[in-house]
Amino acid sequence: RGRRAAAGAALAMAEAASQGVLEQIPVATFIEDIDKFMAKEGSAEAALEKLQAFYSACKAIEQRLSQRKSRLKAKIPDIESTYNALLQMQQQAELGEALTAHYELAQCVYAKATVPVHQENKVCLWLGANVMLEYPREEAIALLERNLSEAKKTLKELVEDQGLLRDQITTTEVNMARVFNWDVKERRKQKAAES
């Protein structure tokens with residue numbers, strides 16, 4: 001019965017962690033009075049099982065946060081380079097000149113192109129999932145500017161969430177060590193009493 005409750009608690013924490021854009025990070029409470037805590041829990045095995053389930057849920061959240069962070073870190077340079085290219089196009093259009101660009105055709109194969117940005121005000125943005133949309137240049141610049149600021153904001157929030165989660169993991173590890181040490185101490189007391 002205790003294992004089902006611990007597994008249910010871990011599942012509930014994992015489900016809570018996957019809700020919403022911001023991760024719902026479970027809060028670990030430091031065990032101030034180990035004797036009082038163990039009297040409430042009953043046995044060291046039951047307490048360690050609950051703490052281990054909590055720890056596993058935290059590690060799963062940590063892995064998801066790390067994956068999201070690495071995906072964002074990969075996307076930000078792409079957004080920045082596209083944004084900068086559009087700004088360059090805008091500058092050339094304001095000068096009334098065509099833009100000369102070197103672009104990659106294949107790996108290590110480049111071509112030179114003259115783009116009449118002063119005559120045409122439309123650009124195509126690759127949105128992903130095999131979707132490309134045509135935008136007016138100003139609208140595309142505004143969209144990329146919003147996306148870039150949102151990606152940087154999200155990355156900052158992820159770093160903060162990871163810091164908070166690390167604190168919860170550390171607290172849980174300390175709690176597990178304290179329960180284990182309490183159990184060892186109690187077993188020694190029982191052996192000494194039996195002798």
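Contact here means heavy atoms within 4.5 Å. With that in hand, a good place to enter this predicted model is helix H2, where Phe37, Met38 and Glu41 meet Ala44, Ala46, Ala47 and Lys50 in helix H3. Sorted by class, the contact of H2 with H3 has five nonpolar, no polar and two charged residues. The axes of the two helices come within 8 Å and cross at roughly 95°. That angle makes H2 roughly perpendicular to H3, because angles of 65 to 115 degrees fall in that category.

Helix H2, which spans residues 34–41, also packs against helix H4, residues 137–194. Here the angle is about 80° and the axes lie 11 Å apart. H2 and H4 are therefore roughly perpendicular to each other as well. On the H2 side of this second contact stand Ile34, Asp35, Phe37 and Met38, and they meet Arg178, Val179 and Trp182 in H4. By class, five nonpolar, no polar and two charged residues make up the contact of H2 with H4. For a reader following along in the structure, Phe37 and Met38 are handy landmarks: both appear among the H2 residues that meet H3, and both appear among those that meet H4.

The charged pairs come next. Side chains of opposite charge can pair when their charged atoms come close. A search of the whole structure finds six salt bridges, and several of them can be followed residue by residue. Lys50 forms a salt bridge with Glu41, and the closest N and O atoms of this pair are 3.2 Å apart. Both partners have already been met in the text, since Glu41 of H2 and Lys50 of H3 belong to the contact between those helices. Their surroundings can be described in terms of accessibility: Glu41 is buried, with a relative accessible area of 17%, whereas Lys50 is partly exposed, with a relative accessible area of 45%. The value for Glu41 counts as buried because the cut-off is under 20%.

A second salt bridge joins Glu45 and Arg187, with 3.2 Å between the closest N and O atoms. Glu45 lies in helix H3 (residues 44–95) and Arg187 lies in helix H4, so this pair ties together parts that are 142 residues apart in sequence. Glu45 counts as partly exposed at 45% relative accessibility, and Arg187 counts as partly exposed at 47%.

A more local pair is found within H3. Glu62 forms a salt bridge with Lys59, the closest N and O atoms being 2.9 Å apart. The two residues both lie in helix H3 and are three residues apart, about one turn of the helix. Glu62 is partly exposed, with a relative accessible area of 22%, and Lys59 counts as partly exposed at 36% relative accessibility. Salt bridges that share partners also join Glu45, Asp183 and Arg187 into one network.

Attention now turns to the strands. Strands E1 and E2 run antiparallel and are joined by seven bridges. One of the facing pairs is Leu99, which stands opposite Val115 in E2. E1 and E2 form a hairpin with two residues between the strands. Within the loop between strand E1 (99–106) and strand E2 (109–115) lies Cys108. Its phi is positive, about 65°, although Cys108 is not a glycine. Cys108 is also exposed, with a relative accessible area of 66%.

The second hairpin is built from strands E3 (residues 122–128) and E4 (residues 131–136), which pair in the antiparallel sense over six bridges. Lys122 has Pro136 in E4 as its bridge partner. There are two residues between E3 and E4, and Ala129 in the turn has a positive phi of about 50°. Asn130 also sits in the loop between E3 and E4. The phi of Asn130 is near 60°, a positive value in a residue other than glycine. At 70% relative accessibility, Asn130 counts as exposed.

Taken together, the model shows H2 roughly perpendicular to H3 and roughly perpendicular to H4, with the Glu45 and Arg187 pair linking H3 to H4. Alongside these helices are the antiparallel pairings of E1 with E2 and of E3 with E4.

Conventions
Residues are numbered from 1 along each chain as its sequence is written. Side-chain values use heavy atoms; hydrogens and water are left out. Axes are lines fitted to C-alpha atoms, for helices over the stretch in contact, and angles run from 0 to 180 degrees between N-to-C directions. Helices (H or I, at least four residues) and strands (E, at least two) are DSSP runs, numbered from the N terminus. Angles under 35 degrees count as roughly parallel, over 145 as roughly antiparallel, 65 to 115 as roughly perpendicular and the rest as oblique. Ala, Val, Leu, Ile, Met, Phe, Trp, Tyr, Cys and Pro count as nonpolar, Asp, Glu, Lys and Arg as charged, and the others, Gly among them, as polar. Two strands pair if DSSP finds at least two bridges between them. A salt bridge is a side-chain nitrogen of Lys or Arg within 4 Å of a carboxyl oxygen of Asp or Glu. Buried means under 20% relative accessible area, exposed over 50%, partly exposed in between (1.4 Å probe, protein chains only).
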